[in-house]
Amino acid sequence: MSDADYRMMPLLPLRGVMVFPNVVIHLDVGREQSMAALEYAMVNSREILLVAQRDAQEAEPGFEGLYTVGTLAEVKQLIKLPGGAFRVLVEGLQRAGIQKVLETNPFYLVQVHVYADEDRHTREEESAARNLTAQFENYVKLDKKMSPEMVVAMAGIEESYRLADYVAAQINLKLPEKQAILETFDVRERLEKLSLILGKEIELMELEKKIHMRVRKQMDKNQKEYYLREQVKAIQKELGDQEERAAESDEYREKLAAADLPEGAMEKALKEVERLEKMPPMVAEAAVVRNYLDWLLMIPWNSETEDRIDIIEAAKILDEDHYALEAAKERIIEYLAVRKLAADTVKGPILCLTGPPGVGKTSLAKSVARALGRKFVRMSLGGVRDEAEIRGHRRTYVGAMPGRIIQGLRTACTKNPVFLLDEVDKMSVDFRGDPSAALLEVLDPEQNNTFSDHFVEVEVDLSKVLFITTANVAYNIPRPLLDRMEMIPISGYTEDEKLNIAKRYLWPKQIHEHGLKKSQIKIRDAQILTVIQRYTREAGVRGLEREIASICRKTARIIAEGKKKQVTVNEAALGRFLGIPRYRHGESAGESLVGIATGLAWTEMGGEILQIEVTLMKGSGKLILTGKLGDVMKESAQAGFSYVRSRAFALGIREDFYEKYDLHIHIPEGAIPKDGPSAGITMACALISALTGRRILSDVAMTGEITLRGRVLPVGGVKEKVLAAHRAGSRVIILPEENKKDLENIPDNIKESLKFVLAADMDSVLSTALEERR
């Protein structure tokens, strides 16, 4: 061998890929060692040795993990990819064997011996080449993945060694088999090896083709058998033989007869049974029909529970479960009384309980079901925005099912449950429909005896259902829906009512839930009142129950640790258990001041008091309003200001005050939005106090809308506002004269502790609220 046969070049390990001489191929290279070898090759002769790894899964193979014979290739093109990898185009040139490893870092630099291929043009070699060509043509015909153009390309190859390498590169072989061909340096031997391999592959492919044909014939046979079976079934039907489908249909007919469906539902069901009989058992539509028939059988068409008509017993149950709520209890007892006298004609009322969170609306509905002896079903409407939730989906949809009204009846298994539609004011509307519109039929006593569900498609009688809905506010409920319901407002609780609820219900419940005994924990009424006044700020009792639960948890820990056997909750213990008091609870000003008036406001959480402040500054008559006020409240302030200007002389105010002074009205707690007209007289009173220098009595609270003529107009939420004033320590409350009727809803003990002044105009308000002139 001459020195020209030995060359020094970088080595590129290949994973799962074999490159033969005279083959051009793209390679993606990402290993640092391999990229360094390519960079070296590009700088020098562009020659590189491509050697396959013995184990393709090995990320960083050592030299012993590589084959010793590879392909000398020329790097035709190198492209850098995003992420730092290379895409390289290489062309195999000649076989080469590794003689010596010169360097291993940063890449393998090796000395190789190059083996030159040459044809000997012997008859044996030419015969082997022709045989390989014929076999490859046959192989391409049998393998559908191979392109016929490969045979055309092979026809242009004249050299035997190039033909062998071309075929070896195209056929699907395992890596060791390809390596064995690469290491075969004799051309005739190489051709014979490939012929042997192709012969085996062709034999396997012909066998696969035979198996495929056999399977296809078997499938044709199965289809023929299916057709014959169907003919046999038709013959059996003519002969009157029972079959599986007929048995299933008979079973459905028996169930329908036992279910005693209404005439329309029975007719519809029998038609569906006839359809099911005619369908092949494996058709998808058959499953839909079966599901429909099952739902028809599950609806309680005639099953109902017997009402407990004992009015005294029902009233006792309602009183046991809930303290106060007299209006709601009275309406339920009235329904029972009518039910007792006119059992066959009375329809279920549609009641809507409206009130702040935590006042017992949902639990009252459960109590009604217990008092009547009926099943209870609850459906939450909060966030519902699909009309199909109420009416169901049509059976054309995959996975269709009835709406939640029909599902609720199935759950109750009776046609006269107490059905609670919770949070009816929190439904939404989108492209799928308006659920509130779907409820119009459900909640109309004149229509709901023929309620139609999209899935059921027959009329369902809902007239025996007692529907109770709950809402926090009525103004969010659509007007047509509101018109169909009987509103029962539930106001916030007074402190006395909260005290009684805590003693009767919340305290015993939490003691039991925390594993305590009554003898292990003691608390007085004064401490419960402190929790109500200083640690909660709500119309209901949810926050109160959480605070009581916190007390019980702290007590349970003390007892479980063995520190004490009994805990008495006094003021000091309250501070340790619940922390620093959270609320002043809207305490009114301690002393009478100029320009500060106490107003009353209504929120969804109950009543609150507002401290309205007015200050006078030198300026040019600007009216400054702060405290995050809404448009209506700003307009009320402007109306009050105009009233003061128009009556300046009569009120003892300089008539040119608006030319020399700016007036600033501020309502504290500026982060909380405030709106509404009911603070009109309060802002006007504070303005007059600031301009005249007369102090406003600190124990006076007021509410009412003001007009430009000084009239006092009625407002809403009187009970909640009065309770807020009472909590804050006010003694005198000024109300619009037209709100006199609302005083009937104020508890007697609250009315006895307060003085109410009914004002028709601002003169009455000022004479009560302002101190006498000195």
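The following exercises, each with a worked solution, concern a predicted model of a single chain.

**Exercise 1. Overall form**

Determine from the radius of gyration whether the chain is a compact globule or more spread out.

Solution. The secondary structure to be accommodated comes to 26 helices and 24 strands. For 774 residues the globule rule gives 28 Å, whereas the radius of gyration of the chain is 46 Å, well over that value; the chain is therefore more spread out than a compact globule. The extent of the C-alpha trace may be set beside this result: along the principal axes it spans about 140 × 90 × 65 Å.

**Exercise 2. Burial, contacts and surface**

State what percentage of the residues is buried, and what share of the contacts with a separation of 6 or more joins residues 24 or more positions apart.

Solution. Begin with burial: of the 774 residues in the chain, 47% are buried. Turn next to the contacts with a separation of 6 or more: residues 24 or more positions apart account for 72% of them. Finally, consider the surface, where the chain exposes about 40,100 Å², with carbon and sulfur atoms supplying 50% of that area. As for charge, there are 110 positive and 118 negative side chains, and the centres of these two sets lie 5 Å apart.

**Exercise 3. The surroundings of strand E3**

Establish whether strand E3 (residues 47–52) is enclosed or open, and identify the strands that pair with it.

Solution. First, apply the cut-off for burial, which is under 20% relative accessible area. Six of the six residues of E3 meet it, so the strand is largely enclosed by the rest of the structure. Second, examine the two faces separately. Glu47, Leu49 and Val51 lie on one side, Ile48, Leu50 and Ala52 lie on the other, and all of these are buried, so that both faces are covered. Third, trace the pairing. Strand E1 (residues 6–14) runs parallel to E3 and pairs with it over four bridges; here Leu11 stands opposite Leu49. Strand E4 (residues 69–80) is antiparallel to E3, again with four bridges, and Thr71 in E4 is the bridge partner of Leu50.

**Exercise 4. The partners of strand E16**

For strand E16 (residues 596–603), give the sense of its pairing with E17 and with E20.

Solution. Take E17 (residues 606–618) to begin with: this strand and E16 are antiparallel and share eight bridges. Within this pair, Trp602 has Gly607 in E17 as its bridge partner. Then take E20 (residues 700–702), which runs parallel to E16 and is joined to it by two bridges. In that pair, Thr598 is matched with Ala701 of E20.

**Exercise 5. Backbone features in loops**

Locate the cis peptide bond ending at Pro106 and the positive phi values of Cys413 and Lys628.

Solution. The cis bond runs from Asn105 to Pro106, with omega near 10 degrees. Pro106 is placed in the loop between strand E5 (86–103) and strand E6 (109–115). Cys413, a residue other than glycine, has phi near 65 degrees; its place is the loop between helix H14 (404–412) and strand E9 (418–422). With a relative accessible area of 46%, Cys413 is partly exposed. Lys628, likewise not a glycine, has phi near 55 degrees and sits in the loop between strand E18 (623–626) and helix H21 (631–646). The relative accessibility of Lys628 is 49%, so this residue also counts as partly exposed.

Key: Residues numbered from 1 in each chain as written. Predicted model: local features only at pLDDT ≥ 70, side-chain atom pairs only at ≥ 80, totals over all residues. Heavy atoms only, no water. Rg over C-alpha atoms; globule rule 2.2 N^0.38 Å. Buried < 20%, exposed > 50% of the residue type's maximum accessible area, 1.4 Å probe, protein only. Contact = heavy atoms within 4.5 Å. Areas by Shrake-Rupley, 256 points an atom, 1.4 Å probe, with all protein chains shown as cover. Lys, Arg positive; Asp, Glu negative; His and termini not counted. Charge placed at Lys NZ, Arg CZ, Asp CG, Glu CD. Pairing = 2+ DSSP bridges.
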